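Visitor: I would like to learn how to read a model of this kind with some care. Could we start with burial and then turn to the ligand?

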Amino acid sequence: MLEPAYQADVVIVGAGVAGLSAAHRLTSAGVTTAVLEAAHDVGGRMSTEKVDGFRLDRIGQLLSTAYPELRLTPGLDGLVLRPFAPGVLLHSDGRHHRAGATPAHTGSVVGGALRSTRSARGALHAVRALASAPRPAPRPTALPRGGTAPLGTAVDQARLGAALARIASAPVERLLARPELPAARGLAARGLPARTIDGFLRPLLAALLCDPELTTSSRCADLALRSFASGRLCVPEGGAEALPELLARSLPPGTVHTGVRVTSVSTNTVTTAEHGEFRCRAVLLATDARAAAELLPGLRVPDFHQVTVVHHTTDEPPATGTALLLDADRGGPVAHTAVVSQVDPSRAPAGRALISSTVLGPPPPDVETAVRMHLARLYGTSTTRWETLAVHHTPEAVPTMRAPHDLRRPVRLLAGLYVCGDHRDTSTVQGALHSAHRATTAILTDLGARGSMHRADPLPASRAA
Ligand SMILES: Cc1cc2nc3c(=O)[nH]c(=O)nc-3n(C[C@H](O)[C@H](O)[C@H](O)COP(=O)(O)OP(=O)(O)OC[C@H]3O[C@@H](n4cnc5c(N)ncnc54)[C@H](O)[C@@H]3O)c2cc1C
């Protein structure tokens, strides 16, 4: 039996960043909202495991300060983004090469750009892109440095710089009007030397798209390169969970209910395993793609890229500072790695370094040993004494975005039934937030009224309790 006490204007299923940011937009517009989350914590894929003072993310560590929704999403006031060093550090033939730094990567440009956009909107967000974290002076490294490989001559590098500058300033519409190919084929059409493509663009795009074979749509690859060139790669201070927790904290008390699994939905009811039915005026599905298709069987289930993140600690950090290190040689399972505690010191206890490394695609049989051996070559140091803190494997980490990829999948299925999440947009935090933005715009238009229609009531006691 339905009870009036269960009512809210909108019920959102899922408390990942998409569901939480949607809740924020709806409650800010005066629409009462209940968010139902099956897990015991909010955040979905953006979770952070705490082990002995370390903060270990499940996701790979690559957000961009140029993600527009990090600025546009209300509730992210106070989010602190810790940037990597400008550009990336490439490992090739036993050498380290800095590459890909653009004017937008240097100095206070990043923070300045965020601030000026905010003032244009008259908002007082406190999203901050900090300069690199204070860190001890780098120790001497055994790795030989310098040389032009893998990027080619100075002329080749100048052409790469010009190409990155062009893409940074290109309007999104122009990028989306280009022919759509698999990214690997699209790279060949860039007019850059093969060495620049294989030595820089391939490893960079593989890392940005979680796609080692570059089967992703070239349009999505262009958007990823644009974010790279016009902002700084960064991590949220305190771990990936900082972002959803900030959103959850800024919601009216009693909005989010964890440990509540939704078993079916319609335009005006949501049935849960633990708390019976909720009546409402609209339902927003904000789960991952597979769970969304289980609740609404007509929805498509995409293929997924699998990702493994391995966390190590040592008391002698390698000398790469705050750089993101990419393997241009594909000489082992690690696609990218960083001493994350140098980028964000809050992620490790004093005196310890946290090294987080990402393996894309199916992991090798003994992934821990293979990663440890590969890291020794990448960092040019012995890793035998490094301690493994965690190996996180996510088989369905990010939906693939093969060509032709619809970047704006419909979020309004029927009046009263909406869907958002990274599978409706790009498979990124930006995509998840943007899909929520689109969905809440549709809901507010359909509800046609601003202002509260019901008072949100507390959850009834669990039947199982
Ligand atoms: C290993 C890995 C690496 C990544 N690397 C990057 C990266 O470098 N850069 C980047 O931008 N993005 C990256 N991503 C992607 C990014 O994390 C996701 O795009 C984003 O977190 C998706 O958010 P979401 O809210 O759409 O979905 P989710 O975070 O999946 O949230 C959905 C929520 O719905 C809940 N739910 C599901 N079914 C039910 C139900 N029946 N009832 C109630 N609740 C339910 C789930 O428990 C979950 O909390 C990575 C992801 C992974 C896993």
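Guide: A residue counts as buried when its relative accessible area is under 20%, and as exposed when that value is over 50%. Please keep in mind that this is a predicted model.

Visitor: With that cut-off in hand, is Ser341 buried or exposed?

Guide: Ser341 counts as buried because its relative accessibility is 11%, and its place in the chain is helix H11, which spans residues 340-343. A polar atom of the Ser341 side chain lies 2.8 Å from the backbone nitrogen of Leu354. Ser21, a residue of helix H1, is buried as well, since its relative accessibility is 1%. Between Ser21 and Ser435 there are 9.9 Å in space, C-alpha to C-alpha, although the two are 414 residues apart in sequence.

Visitor: How should I read the surroundings of the ligand, and which residues come nearest to it?

Guide: One begins with the residues around the ligand, 34 in number, of which Glu37, Arg45, Gly60, Leu62 and Asp422 come nearest. By residue class, this shell divides into 19 nonpolar, nine polar and six charged residues.

Visitor: Which polar atoms of the protein lie by the oxygen and nitrogen atoms of the ligand?

Guide: A polar side-chain atom of Asp422 is 2.8 Å from a ligand oxygen, while a polar backbone atom of Arg45 lies 2.9 Å from an oxygen atom of the ligand. For a nitrogen atom of the ligand, a polar backbone atom of Ala38 is found at 3.1 Å. On its own the ligand has 1,000 Å² of accessible area, and the protein covers 93% of that.

Visitor: Which elements give two or more residues to the shell around the ligand?

Guide: They are helix H1 (17-28), strand S2 (33-37), strand S19 (387-399) and helix H13 (429-447), and the largest share, three residues, comes from S19.

Visitor: Where does the ligand lie with respect to domain 1 and domain 2?

Guide: The ligand lies between them, because domain 1 (8-47 + 241-303 + 403-447) and domain 2 (54-72 + 83-237 + 309-399) both contribute residues to the shell around it.

Visitor: Finally, in what sense do strands S3 and S4 pair?

Guide: Strand S3 (residues 48-51) and strand S4 (residues 54-57) pair in the antiparallel sense, over four bridges, and Lys50 stands opposite Arg55 in S4. The two strands form a hairpin with two residues between them, where Asp52 in the turn has a positive phi of about 50°.

Methods. Residues are numbered from 1 along each chain as its sequence is written. This is a predicted model: local features need pLDDT of at least 70, side-chain atom pairs count only at pLDDT 80 or more; totals for chains, interfaces and linings use all residues. Side-chain values use heavy atoms; hydrogens and water are left out. A residue is near a molecule or strand if one of its heavy atoms lies within 4 Å of it. A polar contact is a pair of N or O atoms within 3.5 Å; within protein, one must be able to donate a hydrogen and the other to accept it, and residues adjacent in sequence count only if both atoms are side-chain atoms. Accessible areas come from the Shrake-Rupley method with a 1.4 Å probe; for residues, only the protein chains shown count as cover. Ala, Val, Leu, Ile, Met, Phe, Trp, Tyr, Cys and Pro count as nonpolar, Asp, Glu, Lys and Arg as charged, and the others, Gly among them, as polar. Domain bounds come from an automatic or database domain assignment. Two strands pair if DSSP finds at least two bridges between them. Buried means under 20% relative accessible area, exposed over 50%, partly exposed in between (1.4 Å probe, protein chains only).
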